[in-house]
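Work through the exercises below with the sequence and the model open beside you, and try each task before you read its solution.

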Amino acid sequence: MTHVFGRSGASLPKAVRGEGCYIHDARGRAYLDGSGGAAVSCLGHSDPDVRAAIHAQLDQLAFAHTGFFTSDPAEDLADLLAANAPEGIERVYLLSGGSEAVEAAIKLARQYFLEIGQPGRHRVIARRQSYHGNTLGALAAGGNAWRREKYAPLLVETSHIAPCYEYRFREDGETAEAYGQRAANELQAEIDRLGADSVMAFIAEPVVGATAGAVPAVDGYFRRIREICDANGILLILDEVMCGMGRTGTLFASEHDGVAPDIVTIAKGLGAGYMPIGAMLCTGTVYDAIAQGSGAFQHGHTYHGHPLAAAAGRAVLTAILGRDLLPQVRARGEMLQQALTSRLGQHPHVGDIRGRGLFRGVELVEDRATKATFDPARKINARVKSAAMENGLICYPAGGTVDGKHGDHVLLAPPYIISEDQIDELVDKLARAIDTAIA
Ligand code: PMP
């Protein structure tokens with residue numbers, strides 16, 4: 001037996017080696033990493049530049065507490081991120097992962113309103129069918145009912161408005177754009193209900209990942225959201241932990257929506273699996289209010305700005321930008337969408353295939369005409385995951401879209417270096433896994 005407490009129980013294969021788009025297990029089997037774990041391994045496994053950067057930093061200095069020191073990798077990474085971030089974003093706070101970045105974003109919003117003399121603002125509005133992390137603050141923000149259920153008494157009350165999972169929730173004859181406006185306008189209605197002077201922030205994923213399987217917002221949705229935030233003096237927090245770092249074909253996913261956030265969170269693709277790292281970025285306006293007010297953001301973690309993690313992040317970002325990977329993500333993303341559509345587009349149990357860049361989702365349904373979901377007891381997405389592993393494919397089971405329980409999706413987020421042949425291999429193995437799981 002193993003003493004590991006967590007998901008990596010003894011029944012799972014033991015990973016021993018990674019190379020390119022594959023992970024190899026102790027029995028010598030190779031698995032095509034079709035989801036980069038959970039949208040993490042964007043450069044594939046064993047990237048020589050990232051390995052060299054980590055080795056070089058390790059030989060110089062692994063750790064120096066940020067209470068005492070700054071470091072080159074932390075400063076360089078912050079500069080590189082700020083130089084390539086959405087308009088207005090100027091400051092970068094380095095953390096160890098996505099949940100920490102979301103916690104920091106929520107606390108920063110609160111401190112900002114204290115500094116500018118609006119202490120009544122403390123509420124966060126989020127969306128149903130969203131995931132923002134597993135720590136208590138981030139879990140409260142997330143809209144997945146199933147994940148929240150057990151911990152409800154520990155969670156700060158948060159409002160959850162309409163999702164951007166547009167096709168399922170459209171009313172008869174409504175266009176996608178009209179749905180987008182109706183969903184965004186729920187933010188104004190909720191602000192009115194709570195009282196604008198009690199609300200501090202709206203948080204959303206530009207492309208919904210873990211709960212809904214790569215669902216981008218419809219055109220115009222985020223522009224309306226931005227207008228509402230501005231009109232009510234609340235901050236827009238965009239959670240790009242999963243969809244950021246080039247995953248959708250632009251460095252920040254929000255570039256596609258034509259809006260700039262006040263605060264943005266990133267993680268997974270930033271460390272690309274080589275180091276645990278996340279970051280919370282904010283505008284000069286938010287930063288200045290604090291710098292010119294009480295002087296410091298009252299927050300911190302031991303591993304904030306960890307030099308080794310920052311060296312990995314710097315090497316990953318340098319690779320994404322320097323190797324011109326973003327156009328490749330867009331082109332290979334289109335290939336993946338086409339391959340999925342030609343193989344699965346008419347499948348009786350595929351309800352939808354969508355996404356952006358190399359961030360794609362396949363929705364599995366009982367009935368493709370009505371989009372009726374499978375009985376959650378059948379655990380279809382978990383079965384697809386297992387059948388795919390049997391076929392030598394890693395794909396992420398996204399679920400709980402409709403009410404936190406119903407809804408099965410396969411999330412695909414392969415490394416940006418995936419080849420055309422590997423795209424075909426991915427789609428073939430996935431299609432066979434879907435048939436095995438549903439049979
Ligand atoms: N936000 C989003 C959008 C995520 O997808 C995740 C992780 N799936 C998190 C936050 C939490 O990140 P972590 O698991 O690194 O804490």
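**Exercise 1. Find what covers the buried side of helix 8 and describe that helix**.

Step 1. The cover over the buried residues of helix 8 includes strand 5 (123-127), strand 6 (159-161), helix 7 (166-169), strand 7 (199-204) and helix 9 (221-232), where cover is judged by contact, that is, C-beta atoms, placed from the backbone, that lie within 7 Å of each other. The helices (H or I, at least four residues) and strands (E, at least two) are DSSP runs, numbered from the N terminus.

Step 2. Before going on, note that this is a predicted model, in which local features need pLDDT of at least 70 and side-chain atom pairs count only at pLDDT 80 or more, while totals for chains, interfaces and linings use all residues. Residues are numbered from 1 along each chain as its sequence is written.

Step 3. The buried residues in helix 8 are Y179, G180, A183, A184, L187 and I191; a residue is buried if 20 or more other C-beta atoms lie within 10 Å of its own, exposed if 12 or fewer, and partly exposed in between, with C-beta atoms placed from the backbone. Seen down the axis of helix 8, these buried residues fall within an arc of 145°, and therefore line one face of the helix; the arc is that of the directions from the helix axis to the C-beta atoms. An α-helix has 3.6 residues a turn, so residues three or four places apart point the same way.

Step 4. On the face turned away from the buried side, helix 8 carries the exposed residues A189, D192 and R193. After the helix comes G195, with a positive phi near 95°.

**Exercise 2. Compare the span of helix 4 with its expected span**.

Step 1. The expected span of a helix is 1.5 Å times one less than its number of residues. For the 18 residues of helix 4 (residues 98-115) this should give 26 Å, and the end C-alpha atoms are 25 Å apart, which agrees.

Step 2. Most of helix 4 is covered, since 14 of its 18 residues are buried, and G117, which follows the helix, has a positive phi near 75°.

**Exercise 3. Give the strand order of the open sheet of 4 strands and say what packs on the sheet**.

Step 1. The order is 13-14-17-16, and the pairing is antiparallel; two strands pair if DSSP finds at least two bridges between them. Strand 13 (350-356) and strand 16 (396-399) are at the edges with a single partner strand each, so one side of each has no neighbour in the sheet. From one strand to the next, the twist averages 25°.

Step 2. Strand 13 pairs with strand 14 (residues 359-364) over 6 bridges in the antiparallel sense, and I353 stands opposite V362 in strand 14. Helix 14 (residues 325-344) packs on the sheet by touching strand 13, strand 14 and strand 17 (408-412), and its direction makes about 175° with that of strand 13; axes are lines fitted to C-alpha atoms, for helices over the stretch in contact, and angles run from 0 to 180 degrees between N-to-C directions.

Step 3. Strand 16 is joined to strand 17 by 4 bridges, and the two run antiparallel, with L411 in strand 17 as the bridge partner of Y396. Y396 and A398 point one way from strand 16, whereas P397 and G399 point the other way, and all are buried. Helix 15 (residues 380-391) lies across strand 14, strand 16 and strand 17, and runs at about 175° to strand 16.

**Exercise 4. Is E363 buried or exposed, and which residues does E363 touch?**

Step 1. E363 is found in strand 14, and counts as buried because 27 C-beta neighbours lie inside 10 Å.

Step 2. Leaving out residues up to four places away in sequence, E363 touches G213, V350, G351, D352 and H409. The C-alpha atoms of E363 and D408 are separated by 6.0 Å, although these residues are 45 residues apart along the chain.

**Exercise 5. Describe how the two domains meet**.

Step 1. The protein is divided into domain 1 (15-46 + 325-438) and domain 2 (51-322), with bounds that come from an automatic or database domain assignment. Their C-alpha centres lie 25 Å apart.

Step 2. In the contact between them, 35 residues of domain 1 meet 34 residues of domain 2. Helix 1 (36-39), helix 14, strand 13, strand 14 and strand 17 are the elements that give two or more residues to the side of domain 1 that touches domain 2, and the largest share of that side, 5 residues, comes from helix 14.
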